[in-house]
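Hi everyone, thanks for coming. Let me put the structure up on the screen, and then we can walk through it together.

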Amino acid sequence: KNPRVAVVGATGAVGREMLKVLEQRDFPASEIVPFSSARSAGTKVPYKGEELTVIELKEDSFEGFDIALFSAGGGTSTKFAPIAAKAGCVVVDNSSAWRMDPKVPLVVPEVNPEDLEWHPGIIANPNCSTIQMVVALKPIHDEAKIKRIVVSTYQAVSGTGQKAITELETQVSRLFNGKDVVSDVYPHQIAFNCLPHIDVFEDNGYTKEEMKMVNETKKIMGDDSIKLTATAVRVPVFYGHSESVNIETEEKLTAVDCRNMLANFPGITVIDYPEKTHYPMAIDCAGEDDVFVGRIREDETIDNGINMWIVSDNIRKGAALNTVQIAETLIKRDLVRVK
Ligand code: A2P
Ligand code: 11C
């Protein structure tokens with residue numbers, strides 16, 4: 001029997017992509033039902049050539065569902081995920097609300113699928129910047145044990161949501177027409193600019209986005225000894241986060257070892273032909289499923305160090321796809337009780 005699936009936040013940027021991914025992967029559902037707030041209730045969303053009517057999310061919405069995929073913000077997840085779990089659903093939540101709860105597994109299926117076994121009815125999907133990085137870190141950590149990571153990110157505006165996509169489009173068009181620009185979503189102009197500021201600043205001088213990368217990486221990799229320091233930067237790119245990652249390992253790895261290991265790992269495509277100017281770029285990775293890795297080279301300033309460049313579509317592997325892959329893995333491991 002196939003599970004009945006609720007998609008909460010189905011009118012949002014990630015929710016719409018979830019429906020697309022469910023359709024593309026022919027997810028084995030008996031029914032898919034889209035939910036939103038009262039604002040969008042009654043509107044239609046496309047699924048398998050049909051138009052599904054969006055339903056307002058209420059406390060009794062989860063009766064008869066087996067799986068609920070959430071991407072409707074932290075507030076909605078904090079309130080409704082426990083209600084859904086109590087109604088017998090397994091919740092896969094894309095918000096940051098439950099990620100660091102020790103009772104809730106934080107899962108990237110290529111990295112720590114075994115953590116799904118102890119789920120209490122809620123499973124958290126990590127932050128997009130963390131997901132693409134840990135997929136590439138996992139084979140390196142298994143082989144050579146990672147001691148320290150220094151990462152700088154170049155993050156697309158779609159990570160902020162639809163409003164930010166519109167802000168970048170509008171600013172570019174106004175600047176080309178000699179008009180002044182207004183910044184509503186970001187504190188400064190994002191067009192033709194880079195902002196070293198994602199989410200709010202914390203007391204230690206880092207942003208919340210940077211600290212998510214520190215804390216989520218340790219939880220997913222199951223190793224608190226990994227040291228990580230991050231600088232997260234918003235760049236005028238629509239889709240696809242890029243990351244410059246420097247890794248120090250306990251054991252020596254050559255660039256060739258590293259390239260081979262990454263190329264053989266599920267979910268990774270290595271594009272590393274600098275002599276042909278072939279390396280991962282956001283514009284090529286947008287709309288794709290894999291994590292793309294290139295510029296793999298040894299750090300010549302330390303004994304055991306590797307530098308690499310990691311790019312992935314933040315809305316797909318960074319959000320919608322990883323959520324759906326978690327649901328697929330739950331089914332494969334017989335961890336969903338279909339009513
Ligand atoms: P709505 O369209 O009714 O606002 P995004 O992150 O792209 O802004 O999308 C957020 C998604 O979360 C939308 O589908 C939005 O629905 C949904 N959402 C926001 N608040 C709630 C809520 N209280 N209950 C259910 N869905 C919500
Ligand atoms: C960004 N990474 O690009 C953020 C978006 O914790 O799920 C996702 C925030 C999160 O702005």
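Let's begin with Phe292, which stands opposite Val311 in strand E14. Keep in mind that this is a predicted model. Phe292 belongs to strand E13, residues 291-298, and E13 runs antiparallel to E14, residues 305-312. Five bridges join E13 to E14.

Now let's look at the sheet around that pair. In what order do the strands of this open sheet come? Reading across, the six strands go E10-E9-E11-E14-E13-E12, and the pairing is mixed. At the edges you find strand E10, residues 227-234, and strand E12, residues 268-270, each of which pairs on one side only. From one strand to the next, the twist averages 20°.

Which helix lies across these strands? That would be helix H3, residues 128-144, which lies across E9, E10, E11, E12, E13 and E14. Against E11, residues 241-249, H3 runs at about 25°.

H3 comes up again when we turn to the ligands. Together with helix H5, residues 208-221, H3 supplies residues to the shell around ligand 2, at least two from each helix. The residues surrounding ligand 2 include Ser96, Asn127, Cys128, Ser129, Glu209, Lys212 and Asn314. Sorted by class, that shell has seven polar residues, two charged and two nonpolar.

Next, ligand 1. Which residues come nearest to ligand 1? Of the 18 residues around ligand 1, they are Gly9, Gly12, Ser37, Ser40 and Ala72. Helix H1, residues 13-24, and strand E2, residues 31-36, each supply at least two residues of this shell. By class, the shell around ligand 1 has 11 polar residues, six nonpolar and one charged.

Finally, two loop residues to find on your screen. Lys48 sits in the loop between strand E3, residues 44-47, and strand E4, residues 50-53. Its phi is near 45°, a positive value in a residue other than glycine. Is Lys48 buried or exposed? Lys48 counts as exposed because it has 10 C-beta neighbours inside 10 Å, and the cut-off for exposed is 12 or fewer.

Thr277 also has a positive phi, near 55°, and is a residue other than glycine. You can find Thr277 in the loop between E12, that edge strand again, and helix H7, residues 282-285. Thr277 has 6 C-beta neighbours inside 10 Å, so this residue counts as exposed.

That's the tour. Thanks for listening!

Note on methods:
Residues are numbered from 1 along each chain as its sequence is written. Chains are lettered from A and ligands numbered from 1 in the order in which they are written. This is a predicted model: local features need pLDDT of at least 70, side-chain atom pairs count only at pLDDT 80 or more; totals for chains, interfaces and linings use all residues. Two strands pair if DSSP finds at least two bridges between them. Helices (H or I, at least four residues) and strands (E, at least two) are DSSP runs, numbered from the N terminus. Axes are lines fitted to C-alpha atoms, for helices over the stretch in contact, and angles run from 0 to 180 degrees between N-to-C directions. Two residues are in contact if their C-beta atoms, placed from the backbone, lie within 7 Å. A residue is near a molecule or strand if its C-beta atom, placed from the backbone, lies within 6 Å of it. Ala, Val, Leu, Ile, Met, Phe, Trp, Tyr, Cys and Pro count as nonpolar, Asp, Glu, Lys and Arg as charged, and the others, Gly among them, as polar. A residue is buried if 20 or more other C-beta atoms lie within 10 Å of its own, exposed if 12 or fewer, and partly exposed in between; C-beta atoms are placed from the backbone.
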